[in-house]
Amino acid sequence: MLRTRILGTGFVTGEHLVKNEALARVMDTSDAWIRERSGIEQRYFVEAGTSTSDLGLGAARKALDDAGLKASEVDYIVFATMTPDHFFPGCGALLQNKLGLGHVPALDIRQQCTGFIYGLQVSDALLRSGQAQTVLLVGAEVHAGFMPWTQWDHLFGRPGPAPTAEEKAWNSKFRDRTVLFGDAAGAVVLRAAEGERGLLGFKVHSDGTGFEALYVPSCGFAQRPYVTAGDLAEGRHIPQMNGKHVFKLAVTRMPQVVREVCAANGVQVRDLDLLIAHQANLRINEAVQRALELPDEKVFNNIQRYGNTTAATIPIALDEARRAGRVKEGQLVCFVGLGAGFHWGAALLRA
Ligand code: UT7
């Protein structure tokens, strides 16, 4: 049986560690609220000028080192992000250039929080059909550009103006979302090999009805011009989210799709050794764990330290879980995620 194996993993974060308390410098929020509602304690943001493809490069280099491969051995790049450096082109080609590769294909995936799982499925198809030999799959995000505040120095604890009362009120309008996100990138290097180990199967879904429960209203070609001064003044360039609706979707569809991928591959949920879910909210993941009746030792969460890094959460968690000895050869690992689109899905790996 030809199966796709994960040969190496790696991740990097934005340069600035921002604890919950620091966020209270720029908006009305508190460490207690953020911890209680989301489980998040801190996140990282990039320095101005660092982009998604820069973080992707850092993660790619680490994953290649971990795999013991040279960048020149990569013959396909798959790059998942919802925060690309530019409207176009996507980050795949930018990463190819930064890695100094030749004309290897570079595909961009835009499935938001499920981007890494869709990326795994596409990479697996490319590898097992012989169209690629070594795929570099990256999930990376710089959410800093979505943030409504301008007082970055003050946030980072450097000399700089604090927000006025009016500015703080503006920043606080978006606080339900902005406290959740962080900047980071994760990468994996994939190759197919004969044997029992590797990716066993996938189940992915999309549902465009109700997409407005999580989307960016402007900066799109449904309007002319695609971004206006009014958009910026009214914050339509910042994601809009019906948090409770997304929460409910996540806690119902993630367990469902885990059950589906297990059933389709002839394994029981109780056979799973580790569940690595997208890190959007610790409360969501705790509910998913309860629904699947999995004990704590079979679940890995790290949102406390990174926040929601969208396409990067799963490869970062996988890298940390591997380094913590939580992914042993032969174990059964399940990845699951749900996000804007809406897209959701799960993948099974025999490590
Ligand atoms: O990757 C997928 C992306 N998104 C998700 O998965 C998000 C899923 N949803 C969630 O995680 C939760 O809905 C949130 C964490 C976003 C919000 O939690 P919630 O329990 O749904 O809170 P809420 O938005 O209903 O707000 C409850 C209260 C409100 O005050 P009142 O009206 O009760 O007085 C908010 O104004 O909490 C207030 N609030 C805050 N207070 C302090 C909202 N955000 C904050 C904040 N700090 N950051």
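Which residues form a nonpolar patch on the surface? In this predicted model, the patch consists of Phe87, Phe88, Phe221, Tyr226, Val227 and Leu232. Together these residues have about 640 Å² of accessible area. One of them, Leu232, is located in helix H9, which spans residues 229-234. The relative accessible area of Leu232 is 47%, and this residue is therefore classed as partly exposed, the upper limit of that class being 50%.

Asn171 presents the opposite case with respect to burial. This residue belongs to helix H7, formed by residues 165-172. Its relative accessibility is 1%, so Asn171 counts as buried; the cut-off for burial is under 20%. Beyond its neighbours within four places in sequence, Asn171 is in contact with Val26, Met27, Pro148, Trp149, Gln151 and Pro163. With Gln151, the side chain of Asn171 makes a polar contact, side chain to side chain, at 3.1 Å.

Helix H11 covers residues 282-292, and its buried residues are Leu282, Ile284, Asn285, Ala287, Val288, Gln289 and Leu292. Several elements contribute to the cover over these positions. Among them are helices H2 (31-38), H10 (243-264) and H12 (303-306), together with strands S11 (274-277) and S12 (299-300).

Both ends of H11 were also examined. At the N-terminal end, Asn281 acts as a cap, with a side-chain oxygen 2.7 Å from the backbone nitrogen of Arg283. After the helix comes Glu293, which has a positive phi, near 55°.

Note on methods:
Residues are numbered from 1 along each chain as its sequence is written. This is a predicted model: local features need pLDDT of at least 70, side-chain atom pairs count only at pLDDT 80 or more; totals for chains, interfaces and linings use all residues. Side-chain values use heavy atoms; hydrogens and water are left out. Helices (H or I, at least four residues) and strands (E, at least two) are DSSP runs, numbered from the N terminus. Buried means under 20% relative accessible area, exposed over 50%, partly exposed in between (1.4 Å probe, protein chains only). A polar contact is a pair of N or O atoms within 3.5 Å; within protein, one must be able to donate a hydrogen and the other to accept it, and residues adjacent in sequence count only if both atoms are side-chain atoms. Contact means heavy atoms within 4.5 Å. Patches are made of residues with over 30% relative accessible area and no salt bridge: like charges are joined within 9 Å, nonpolar side chains (Val, Leu, Ile, Met, Phe, Trp, Tyr) within 5 Å. Accessible areas come from the Shrake-Rupley method with a 1.4 Å probe; for residues, only the protein chains shown count as cover. A salt bridge is a side-chain nitrogen of Lys or Arg within 4 Å of a carboxyl oxygen of Asp or Glu.
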